[in-house]
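Trainee: Could you take me through one part of this model slowly? I'd like a close look at how the pieces touch one another.

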Amino acid sequence: MRHLIDISDLSVAEIDRLLDLGEDMLRRPEDYRRSQQGRILATLFFEPSTRTRLSFESAMLSMGGSVLGFPSPDSSSTAKGESLQDTIRTVSCYCDIIAMRHPKEGAPIAAAMKSEVPIINAGDGGHNHPTQTLTDLMTIRLEKGGFEGLTLGLCGDLKFGRTVHSLVTAMSRYPGVRFVLIAPPELRLPGYLTAFLREKGIPYEEVEHMEDVLPRLDILYMTRVQRERFFNEADYVRLKDTYVLTPDKLALAGEGLRVMHPLPRVNEISPKVDDDPRAVYFKQVRNGRYVRMALITRMLAENGGEEAGHEH
Amino acid sequence: MNIDSIRRGIVLDHIQAGRSMEIYRALGLEELPCSVAIIRNVKSNAMGKKDIIKIDDDIDIDLDVLGYIDPGITVNIIVDGVITEKKHLALPRRLVNMGRCRNPRCITTQEANLDQVFVLADPARKIYRCLYCDAEQRGTDAP
């Protein structure tokens, strides 16, 4: 059984093929309108996330498939004390593929051990979020024409931001990529990831102010400082406004910069930036629908097939 | 006591001096009905001092536990009074249910029936990571 738990379950070649398919679906959605008729996607959200859940459901519905599931654990039998693995065993009898989000890290691996159908990790705590990474990669490739030699600035909560962790892992596989890590000391990238970059000889620098580095960036990836990741409310209040992108700051950047954000934003990007042609975060949302269509299509087609994936 | 005194059993040799009691407990040797000898601070050319454990029965040893505690240990299998096999240990690639993941956000803290599985990430530094959450394991409860 093949699953997508971590972006590194996919080879660079497989990601390329997924992005090719996603871009084709973006250009010619009518060709795929009935391609998954009769198939069922279950969206199991043990932690609410309207945006990610809707993107998966939209992707499946756009291909003529059906969806079922629950938007939060209180509307599932988890509220009665059922274990994750029992829920998965049950639901996998009702569907062809599962997209799940869970607040605990590693939950999709535990789920994959008992599932009869492929599992897509739609986010597990602060750990991984591979479909957001596929969305980000599709956006970068569409906007910049490729990945090689790009300088990526990652800004905000780099400690708990799972989208950042997955993106660093994925982008580190392309030659010539450099990272600029813009974060307060409290929210720096975890040590295991900076160690990983050092081991692979990938250049990175850690800075505290975005103004100093903006002119050098190809991509500025902004993140939200999330209240739910803090144990202490005072720390959250102190840090949440530290990194806000405004038109004044954006004026320091080159024309080639693209500003991305996994959304939802709170106030880290001023709405005045939205109409700047360099702001592509709403295109990112659109791309997320098509790359998920591509992923669902491939995973259903290759279930038990020859392509790489997380094996258990 | 010497090896010749065992007809059929196991001798754990080249234990780092002072660690034999830890191994005695980790392998559950106190529960064995057979005789078990712990010999401490034996002179060794290679190690200066070492500990040895002799077990007077042919039991199943958990080589993963042993390899994790001290990969330098040699396991000698004795049959009819002679060494028939010498096993050299390595750090196990996976550890199952030896310690608990220390990450409070890990699924293993919530899902009761999951095995605790740790995967060897860096043999040189003896670092294991949780199979589920990737957290590096450190501290006394960790493997």
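Mentor: Let's start with a term we'll need: a polar contact is a pair of N or O atoms within 3.5 Å, where, within protein, one atom must be able to donate a hydrogen and the other to accept it, and residues adjacent in sequence count only if both atoms are side-chain atoms. Keep in mind, too, that this is a predicted model.

With that in hand, look inside chain B. Its domain assignment gives domain 1 (3–88) and domain 2 (94–130). Where they meet, domain 1 of chain B puts in 4 residues and domain 2 of chain B puts in 5. The C-alpha centres of these two domains of chain B sit 27 Å apart. Between them, domain 1 and domain 2 of chain B bury about 400 Å², with 71% of that on carbon and sulfur atoms. On the domain 1 side of chain B, the residues to click on are B:Asp64, B:Val65 and B:Tyr68: they lose the most area to domain 2 of chain B, together 91% of what that side buries. What about polar links? Across this interface of domain 1 and domain 2 of chain B, the rule finds 1 residue pair in polar contact, both at pLDDT 80 or more. Sorted by class, the domain 1 side of chain B that touches domain 2 has 3 nonpolar residues, no polar ones and 1 charged. As for salt bridges between domain 1 and domain 2 of chain B, the count is 0.

Now swing over to where the two chains meet. Here 17 residues of chain A are in contact with 14 residues of chain B. Chain A and chain B bury about 1400 Å² between them, 53% of it on carbon and sulfur atoms. This interface of chain A and chain B does have a salt bridge, 1 by the rule: the side chains of B:Arg105 and A:Glu105 meet at 3.7 Å, N to O. The rule also finds 9 residue pairs in polar contact across the interface of chain A and chain B, both residues at pLDDT 80 or more. On the chain A side that touches chain B, the elements giving two or more residues are α3 (84–91) and α4 (107–112) of chain A. The largest share of that side, 3 residues, comes from α4(A). By class, the residues of the chain A side touching chain B split into 9 nonpolar, 6 polar and 2 charged.

Methods:
Residues are numbered from 1 along each chain as its sequence is written. Chains are lettered from A and ligands numbered from 1 in the order in which they are written. This is a predicted model: local features need pLDDT of at least 70, side-chain atom pairs count only at pLDDT 80 or more; totals for chains, interfaces and linings use all residues. Side-chain values use heavy atoms; hydrogens and water are left out. Domain bounds come from an automatic or database domain assignment. Contact means heavy atoms within 4.5 Å. Buried area is the accessible area (1.4 Å probe) that two parts lose on being put together, summed over both. A salt bridge is a side-chain nitrogen of Lys or Arg within 4 Å of a carboxyl oxygen of Asp or Glu. Ala, Val, Leu, Ile, Met, Phe, Trp, Tyr, Cys and Pro count as nonpolar, Asp, Glu, Lys and Arg as charged, and the others, Gly among them, as polar. Helices (H or I, at least four residues) and strands (E, at least two) are DSSP runs, numbered from the N terminus.
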